[in-house]
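Welcome, and please open the structure in your viewer. Keep the selection tool ready, and we will go from stop to stop together.

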Amino acid sequence: LKPFKLFRLLRRTMASALVDLLGPKLAGRDGEVDTSSLDGKTIGLYFSAHWCPPCRGFTPKLAEWYQKDLQSKGLEVVFVSSDRDEDAFKEYFAEMPWLALPYADRSRKEQLSKKFKVQGIPSFVLLKSSGEVITLDGRSAVSEDPTGANFPWLPEPFSLGDSFVGKDGDVPAASIAGKVKLLYFSAHWCPPCRGFTPQLAKAYATWKEKGMNVEVIFVSGDKDQSSFDEYYGEMPWIAVPFEDKRCKQWNKQFEVSGIPTVVILDTDNSVINKDGRGTIAGDFEGKTFPWHPPLIGDLENPSGIQDAPAIVALMETQTEQEQEQALSELKVLAERYRAEEKKTGETKYVFFAAKTSGSTSGKVRQMTKQQSLPPAKHEHSLAVADGGRGWGCDGCSKSGDECKGRNRCTEGCDFDLCDDCLAESGKAMPSLPVKVVLLDLASQGFYEMSGDLTTNGVEDFLGEFEGGKLVKQEF
């Protein structure tokens, strides 16, 4: 193709992507607007609602920034309403100087919320005109730069920087360039962090003894230098200096929403796992190094289960041979969707299996109205421990203040059972078939598959889900 023809083709492709995403028409202040007219612009999807006080506080600010600077620089905002009825939508939209997804298109609104993992409002998602995500946290981007000096707020390429703090002085970044890297986002003031750090330090020593090609980098969320110094004193690895700009940059780049968080990077700094804490906690010995996310995750370690609709196979009562047969059927689809994810960068489904009866599988059984099971016997002995708050039973998932008695692992596992679950643990399991459910956490519901777990059966089940032929049940 000649250059100008290629350019036209690319523009048509981008416009088509927006139409596929938002539909052919959008609501404007003076009537309908063709979605294709947004071609070449940066799009801000504004998830908001009139009933939401934080939204009503943010909307006039965004409108001011949009009209004063951002619209002229190429930003177009599309309001995606969570209002409870069309009258509320119209009243709220009348205050806005931009476009909106038609209120009647509720199914598309739900699809957009799922696609961009909108958990709360106001939420502002920034997209290129191709539909590619710039950032899911556009609210912070525009709030920190309301005049658009850094518009369109493209993420900076990841860089290790020049050096780190080490136990014996500065450590050149070049010295770890060819290693797998664990970015450890943590802080001294965070109780779960202080519980996880000694476990990670013990594992780190094991990895070094084995000669594993890995390094941990502490990325601090501490509030002052003295807290950083005290906390880092407990750690055997390197750290980003306190208040170094990389701390803030990396939190944004990897969308860190809570701590402790472990982001695992490959030797070329590509992301292996953005939610690596659970994976590491399940393999402190490093048997599955470099800890690529499993095709089918362990439900008792459900990292990433909120990232997309989750296909969950409950098979706690099956023999090991029966479990392996069922997993082989599910693996075919898991491999197919993982390959798609590598091509598109989007996770369509995640897959999990419950092979033993535990706290998470018990909770899922409760949420999806399945028969409950006695908790499996813990691998180590348990001893009576002080109760109080700040703990939960790994059998029934109740909080400590709801439980009678606390029995804690004597070998250092973060595992507790209340007295009732301890009495039930290890009892004979009933004979139950494998049950497949689809958890749609974004919409607070689930779908139940009938029949045996086979590749074709699950494929048909997902086809019916995508076609809107299944009835959603509420948790």
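Start by selecting helix α3, residues 86-93, where the buried residues are Phe89, Tyr92 and Phe93. Look down the axis of the helix: these residues span an arc of only 95° around it, so they sit on the same side of α3. Before moving on, remember that you are looking at a predicted model.

What covers the buried residues of α3? Show β1 (25-28), β3 (42-48), α2 (53-70), β4 (75-81) and β5 (99-100), which are among the elements that do so. Then go to the N-terminal end of α3, which Asp85 caps. If you draw a distance there, a side-chain oxygen of Asp85 lies 3.2 Å from the backbone nitrogen of Asp87.

**Next stop: the loop between α4 and β6**

Select Pro122, which lies in the loop between α4 (106-115) and β6 (123-127). The peptide bond that leads from Ile121 to Pro122 is cis, and its omega is near 5°. Now pick Lys117, found in the loop between α4 and β6. Lys117 is not a glycine, yet its phi is positive, near 55°. Is Lys117 buried or partly exposed? Its relative accessible area is 33%, so Lys117 counts as partly exposed.

**An enclosed space**

Keep Lys117 selected, since this residue also helps to line the largest cavity. A general idea helps at this stop: rolling a probe the size of a water molecule over the atoms reveals where empty space remains. How many cavities of 30 Å³ or more are counted? The count is one, and the volume of the largest cavity is about 100 Å³.

To display its lining, add Ser113, Lys114, Val118 and Gln119 to Lys117, then Gln306, Asp307, Ala308 and Pro309, and finally Asp440, Leu441 and Ala442. Colour these residues by class and you will find five nonpolar, three polar and four charged.

**On to the loop between α9 and β15**

Jump to Pro290, in the loop between α9 (276-281) and β15 (297-298). The peptide bond from Phe289 to Pro290 is cis, with omega near 10°. Select Trp291 as well, which lies in the loop between α9 and β15. Although Trp291 is not a glycine, its phi is positive, at about 65°. Is Trp291 buried or exposed? Trp291 counts as buried because its relative accessibility is 0%.

**A pocket to explore**

Now find the second largest pocket, with a volume of about 360 Å³. Centre your view on Ser372, Leu373, Gly395, Cys396 and Cys421, the closest to the centre of this pocket among the 23 residues that line it. Highlight α11 (359-367) and α12 (419-424), each of which supplies at least two residues of the lining. Which element gives the largest share of the lining? That is α11, with five residues. By class, the lining of this pocket has seven nonpolar, nine polar and seven charged residues.

**Last stop: helix α13**

Finally, select Gly457 in helix α13, residues 455-466. Gly457 has a relative accessible area of 22%, so it is partly exposed; the cut-off for buried is under 20%. To finish, draw a line between the C-alpha atoms of Gly457 and Val262: these residues are 195 residues apart along the chain, and the atoms are separated by 36 Å.

Terms used
Residues are numbered from 1 along each chain as its sequence is written. This is a predicted model: local features need pLDDT of at least 70, side-chain atom pairs count only at pLDDT 80 or more; totals for chains, interfaces and linings use all residues. Side-chain values use heavy atoms; hydrogens and water are left out. On a 1 Å grid over the protein atoms alone, a cavity is a set of points where a 1.4 Å probe fits but cannot get out, and a pocket is an open set with protein on both sides within 12 Å along at least five of seven lines; lining residues have an atom within 4 Å of a point. Grid points are joined across faces, edges and corners, and a volume is the space filled by probe spheres set on the points. Ala, Val, Leu, Ile, Met, Phe, Trp, Tyr, Cys and Pro count as nonpolar, Asp, Glu, Lys and Arg as charged, and the others, Gly among them, as polar. Helices (H or I, at least four residues) and strands (E, at least two) are DSSP runs, numbered from the N terminus. Buried means under 20% relative accessible area, exposed over 50%, partly exposed in between (1.4 Å probe, protein chains only). The arc is that of the directions from the helix axis to the C-beta atoms. Contact means heavy atoms within 4.5 Å. A polar contact is a pair of N or O atoms within 3.5 Å; within protein, one must be able to donate a hydrogen and the other to accept it, and residues adjacent in sequence count only if both atoms are side-chain atoms.
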